[in-house]
Amino acid sequence: MKNCLRDLRKARGLSQAELAEAIEVSRQTIIAMEADKYDPSLPMAYRLAAYFGVAVEDLFFNPFVGDAG
Amino acid sequence: MSQANYSRRLRKTTLLAFLGPLALAIPSGFLLRQVVPGEQFWLVFLASLLVIGAAFWACVPWWRTMDDMQKHGHMVSWYWGGMAGGMLVLAWLVAALGLNSDQALGAVALIMGQTLGFLIFWAVWMLRQRGAGE
């Protein structure tokens with residue numbers, strides 16, 4: 001899932017390891033999400049969004065918006 | 001929260017999950033060598049279950065500490081990799097020693113046990129996901 005995790009993290013001046021510690025996930029998980037290789041669970045997405053103070057959809061871009069159904 | 005708190009906790013629980021079962025398996029293996037096969041069946045069986053239970057228990061903190069992606073990786077690897085590895089060994093044993101060899105039958109019993117355990121856990125998992133259908 002496309003996201004702007006890397007941009008938000010860099011804007012905060014955090015390394016991947018620091019963000020991982022803050023969210024209590026592994027650094028590999030942050031790397032995988034930033035590289036669009038892993039879609040986080042809903043709780044993890046909300047946790048990240050809450051950490052950055054943004055809405056989930058501002059962090060992870062909904063690929064289904066605009067679909068008729 | 002102190003820096004590197006999570007990764008330190010993950011390292012500790014991973015170590016416990018690795019060393020705990022190992023620390024249980026080595027003396028258990030030594031003791032099992034002293035037992036005549038088939039003798040004291042219930043004692044050996046129940047003691048083995050206790051040791052296995054303790055080994056699982058040692059892995060619980062590790063499992064609870066892992067994040068979603070790590071758990072997902074282990075589940076996918078265990079399901080596909082573990083099953084493929086087991087089947088490969090079974091095929092090798094059948095080809096090399098025959099279907100009725102003790103080794104092949106032992107492997108079949110192990111895979112049947114795994115399958116049964118899988119089905120029980122899957123059924124429990126399905127039941128726990130139930131909600132009000134409309």
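For counting charges, Lys and Arg are taken as positive and Asp and Glu as negative, with His and the chain ends left out. On that basis, chain A of this predicted model carries 8 positive and 10 negative side chains. The centres of those two sets sit 7 Å apart.

Next comes the overall build of chain A. Its secondary structure amounts to five helices and zero strands, so the pattern read along the sequence is simply α-α-α-α-α. The radius of gyration of chain A is 12 Å, close to the 11 Å that the globule rule gives for 69 residues, so chain A is as compact as a globular protein of that length. Measured out along its principal axes, the C-alpha trace spans about 40 × 20 × 20 Å. How much of chain A is tucked away? Of its 69 residues, 39% count as buried. The accessible surface of chain A adds up to about 4,000 Å², and carbon and sulfur atoms own 54% of that area. As for contacts in chain A between residues at least 6 apart in sequence, 57% of them join residues at least 24 apart.

Helix α2 of chain A, covering residues 16-23, gives a picture of how the helices meet. Its buried residues are Gln16(A), Leu19(A), Ala20(A), Glu21(A) and Ile23(A). What do these buried residues pack against? Within chain A, the partners are α1 (5-11), α3 (27-34) and α4 (42-52), and chain B joins in with its own α1 (5-32). In general, an α-helix has 3.6 residues a turn, so residues three or four places apart point the same way. Right after α2(A) comes Glu24(A), with a positive phi near 65°.

Two further residues have positive phi values without being glycine. One is Asp36(A), where phi is about 65°. Asp36(A) belongs to the loop that links α3 and α4 of chain A. With a relative accessible area of 29%, Asp36(A) falls between the 20% and 50% cut-offs, so it counts as partly exposed. The other is Gln40(B), whose phi is near 50°. Gln40(B) is also a loop residue, placed between α1 and α2 (41-65) of chain B.

Chain B has a couple of helix residues to look at as well. Thr65(B) is part of helix α2 of chain B. Is Thr65(B) buried or exposed? Its relative accessibility is 10%, which is under the 20% limit, so Thr65(B) counts as buried. Leaving aside residues up to four places away in sequence, Thr65(B) touches Tyr6(B), Arg9(B), Leu10(B) and Thr13(B).

Gly73(B) sits in helix α3 of chain B, which runs over residues 68-97. Gly73(B) is partly exposed, because its relative accessible area is 31%. Where does Val89(B) come in? It lies 16 residues away from Gly73(B) along the chain, and the C-alpha atoms of the two are separated by 23 Å.

Finally, there are the cysteines. A disulfide is a covalent bond between the sulfur atoms of two cysteines. How many disulfides are there over all chains? The count comes to zero, where a pair of sulfur atoms would have to lie within 2.5 Å to be included. Cys4(A) has a relative accessibility of 13%, so it counts as buried. Cys59(B), at 22%, is just past the 20% cut-off and therefore counts as partly exposed.

Terms used: Residues numbered from 1 in each chain as written. Chains lettered and ligands numbered in written order. Predicted model: local features only at pLDDT ≥ 70, side-chain atom pairs only at ≥ 80, totals over all residues. Heavy atoms only, no water. Helix = DSSP H or I, 4+ residues; strand = E, 2+ residues; numbered from the N terminus. Rg over C-alpha atoms; globule rule 2.2 N^0.38 Å. Buried < 20%, exposed > 50% of the residue type's maximum accessible area, 1.4 Å probe, protein only. Contact = heavy atoms within 4.5 Å. Areas by Shrake-Rupley, 256 points an atom, 1.4 Å probe, with all protein chains shown as cover. Charge placed at Lys NZ, Arg CZ, Asp CG, Glu CD.
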